[in-house]
Amino acid sequence: MKQIHIIGGGLAGSEAAWQAAEMLREAGHTTETARVTIHEMRPVKKTEAHSTNGLAELVCSNSFRSDDATQNAVGLLHEEMRRCGSLILRSADANQVPAGGALAVDRDHFSGAVTKEIEAHPLIEIVREEVTGLPPAEWENVVIATGPLTSMALAQAVHAVTGEEELAFFDAIAPIIYKDSINFDTAWFQSRYDKKGPGGDGADYINLPFTEEEYERFIDALIEGEKTEFKEWEKNTPYFEGCLPVEVMAERGRETLRFGPMKPVGLTDPRTGKRPHAVIQLRQDNALGTLYNMVGFQTKLKYGAQKDVFKCIPGLENAEFARLGGIHRNTFINSPKLLDETFRMKKADHLRFAGQITGVEGYLESAATGLLAGRFAALQALGGDVTSALPPETSALGALHRHITGGHLSDGAGSKGAFQPMNVNFGLFPFIETPKQDADGNRIKGKEKGFARKRALCARALADVDAWLGAGQAAAE
Ligand code: FAD
C-alpha cells in the first residue's frame with residue numbers, strides 16, 4: 001500500500017492531499033493500493049483563530065488578492081496554480097464574490113467546497129486527531145502542514161529536532177522596500193565604521209539620515225500612529241520578549257531608538273560630512289539587490305499608519321514597500337537551512353513541510369507550497385524522479401520554492417540574509433531585460449517601463465510553466 005500522511009487540513013494540507021491523491025489516481029492506483037490520510041485536529045482541538053471544522057478555513061480576510069496574471073506576481077501565482085489543477089483555486093473561482101480585480105470568496109462556501117471534494121476523493125481519508133509528537137519513522141512519507149498556529153505539542157517536538165535557533169514562534173517583520181523607490185539624493189551606501197563583511201566593500205547598508213528636528217517629529221509620529229493590539233494568547237507564547245516593536249521602544253523613552261536601531265555612530269552623511277543625529281539603516285534582503293529591509297524595525301503599527309509614518313523618513317518620500325512590518329504569532333522553521341530541495345527535512349527525511357510553517361506568508365502562498373509538496377510526496381510514493389516536479393525558476397511557484405530552499409538562480413542570485421517569511425513578489429524573480437518597445441513598435445517610456453517589465457516577467461513565467469507541465473505530462477504517458 002502506498003501511504004502518504006498529511007498533518008493539517010488547512011490551505012496547504014488540503015492542496016497537498018489533493019495533488020498527491022490525483023497523481024496516485026492518474027498512475028492507476030485505487031483504494032486497495034494507495035491512500036492519502038489527512039490528520040486534522042479540529043474539532044477535537046481548536047486553534048486560537050479557526051472557528052469552524054471545515055478544511056481550508058480562511059481565518060481572517062476572504063481575499064486571495066489580485067487576480068491579474070498579466071502584471072502582478074500574486075495573480076500570476078493564481079494562474080500557475082490553475083494550470084496545475086489546484087483544488088484551492090478551482091474552489092475559489094467557483095465561490096467568488098465581487099471584489100474588483102481581486103479574487104475574493106464566500107469563505108463558508110469556499111471551505112465547504114474544498115471539504116466536499118476532499119471527502120469525496122476515493123484515495124483520501126480524513127482523521128480528526130491532533131498529532132502530538134514527531135511522526136514515527138514507519139510513516140515514511142509525511143507532509144507537515146500545520147500552519148502558523150501549529151499546536152504546541154507538535155511545535156515543541158519539531159523544535160526538539162530543529163534546535164533552539166531554527167524554529168520561531170513569532171514573526172518580527174521589518175518592512176521591506178524596493179531599492180529603486182529610494183531617493184539616493186538623501187540616502188547613501190555605507191557600513192558602520194566602513195566595516196567590511198565577507199564579500200562586502202564597507203558600503204553594504206543604505207543609510208537614511210535624520211536631523212534632530214526630523215527625529216523628534218518621527219518619534220511623535222511613531223507614538224501617535226494607530227496600532228494593532230497583541231491578542232491575549234499571543235502574550236503567552238514563548239520568545240516574545242526578543243522582538244519589541246519600534247513604537248514600544250519609542251514610548252519607553254525618546255532617546256531609546258537613537259541608542260538602539262537608529263544609532264548614528266560610525267556613519268558620515270556625505271552631503272554634510274558629519275554624523276547625523278540619527279540614522280535608519282536598510283540591509284539588502286535578496287541577492288538580486290532589488291529589496292532592502294529596515295533593520296530592527298518590527299512594528300505593530302497598522303499598515304496605513306506604517307505607510308504614512310515611514311514616508312516621513314528622509315529618503316523614503318516615494319518608497320514602495322514589498323512588505324510592511326508586523327509582529328504576530330507564527331510558527332515557522334528556518335527552511336533554507338533545514339530542508340532539501342523537495343521540502344524534506346535533512347535530519348529526518350520522512351518528514352516534508354508545506355504551508356506557512358515553511359516561511360511563506362498568506363493563504364495563496366501556503367496553498368502553493370502545499371501543491372508542490374503534494375506532488376513531491378506522490379512522486380516519492382510512485383518511485384519516480386521527485387526533482388522532475390521542481391518548478392521552473394522563472395515562475396511564481398519557482399520564486400516561492402527558491403525562497404524556502406535558499407536555492408540559487410542560474411544567474412548566481414538567490415535568497416540572502418536572515419530568513420523571514422515572505423509573500424510572493426517580483427523581487428524574488430530572476431532578472432529580465434525591460435522591453436524597449438511595445439507590440440506596436442512604440443518606444444516604452446517613463447512609468448510604462450515598470451509595467452512592461454512586469455508583463456514580460458508574467459509572460460515568461462507562464463510560457464515556462466506550460467513547457468514544464470507539458471514535459472511532465474509527456475513523461476507520464
Ligand atoms: P492553516 O491554514 O492554519 O492550516 C493548518 C491546519 O493544521 C489547521 O487546520 C490546524 O487545525 C491544523 N493543525 C495544527 N496543529 C495540528 C496538529 N498538531 N495535528 C493536527 N492538525 C493540526 N493570510 C492571508 O492570506 N490573509 C489573511 O488575512 C490572513 N490573516 C491571518 C490572521 C491570523 C490571526 C493568522 C494566525 C494568520 C493569518 N493569515 C492570513 C495567514 C494564514 O493563516 C495562512 O497563510 C494560511 O492559513 C496558512 O495555511 P497553512 O495550511 O499553512 O495553515
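## Gly10, the nonpolar cores and the strand 5 region

Gly10 is placed in the loop that links strand 1 (2-7) to helix 1 (11-26). The model described here is predicted. The mean pLDDT of its protein chain is 91, with 94% of the residues at 70 or more. For the complex, the predictor reports an ipTM of 0.99 and a pTM of 0.81.

**The annotated segment**

An unreviewed UniProt entry assigns the feature "binding site" to Gly8, Gly9, Gly10, Leu11, Ala12 and Gly13. Gly10 has a relative accessible area of 18% and is therefore classed as buried, the cut-off being under 20%. Ala12, a residue of helix 1, is likewise buried, with a relative accessible area of 5%. The table lists the contacts of these two residues, leaving aside neighbours within four places in sequence.

| Residue | Relative accessible area | Contacts |
|---|---|---|
| Gly10 | 18% | Glu40, Ala56 |
| Ala12 | 5% | Ala145, Ala354, Gly355, Ser366, Ala367, Gly370 |

**Nonpolar cores**

In soluble globular proteins, nonpolar side chains tend to be buried together. In this model the largest nonpolar core holds 93 residues, of which Phe64 and Phe110 touch the most other members. Helix 11 (residues 363-382) makes the greatest contribution to this core, with 12 residues. A second core, separate from it, has 32 residues, including Leu222, Met294, Phe297 and Ala305.

Residues up to four places away in sequence aside, Phe110 touches Leu11, Ala56, Leu58, Phe64, Ile88, Ser91, Ala92, Asn95 and Val105. Leu11 also belongs to the segment annotated in the UniProt record, and Ala56 is also a contact of Gly10.

**Helix 3**

Three of the residues touched by Phe110, namely Ile88, Ser91 and Ala92, lie in helix 3 (residues 87-94), where they are buried along with Leu87 and Leu89. The N-terminal end of helix 3 is capped by Ser86, which has a side-chain oxygen 3.2 Å from the backbone nitrogen of Ile88.

**Strand 5 and its partners**

Strand 5 (residues 102-105) pairs with strand 3 (residues 63-66) in the antiparallel sense, over 2 bridges. Within this pairing, Ser63 stands opposite Ala104. Strand 4 (residues 96-97) also runs antiparallel to strand 5 and is joined to it by 2 bridges; here Ala104 is the bridge partner of Val97. Strands 4 and 5 form a hairpin with 4 residues between them, and Gly100 in the turn has a positive phi of about 60°. Ala104 thus appears as a partner both of Ser63 and of Val97.

Methods: Residues are numbered from 1 along each chain as its sequence is written. This is a predicted model: local features need pLDDT of at least 70, side-chain atom pairs count only at pLDDT 80 or more; totals for chains, interfaces and linings use all residues. Side-chain values use heavy atoms; hydrogens and water are left out. Buried means under 20% relative accessible area, exposed over 50%, partly exposed in between (1.4 Å probe, protein chains only). A polar contact is a pair of N or O atoms within 3.5 Å; within protein, one must be able to donate a hydrogen and the other to accept it, and residues adjacent in sequence count only if both atoms are side-chain atoms. pLDDT is the predictor's confidence in each residue, from 0 to 100. A nonpolar core is a set of buried Ala, Val, Leu, Ile, Met, Phe, Trp, Tyr and Cys residues joined through side-chain atoms within 4.5 Å. Contact means heavy atoms within 4.5 Å. Two strands pair if DSSP finds at least two bridges between them. UniProt positions are given in the numbering used here, feature names are shortened, and annotations may be inferred rather than shown by experiment.
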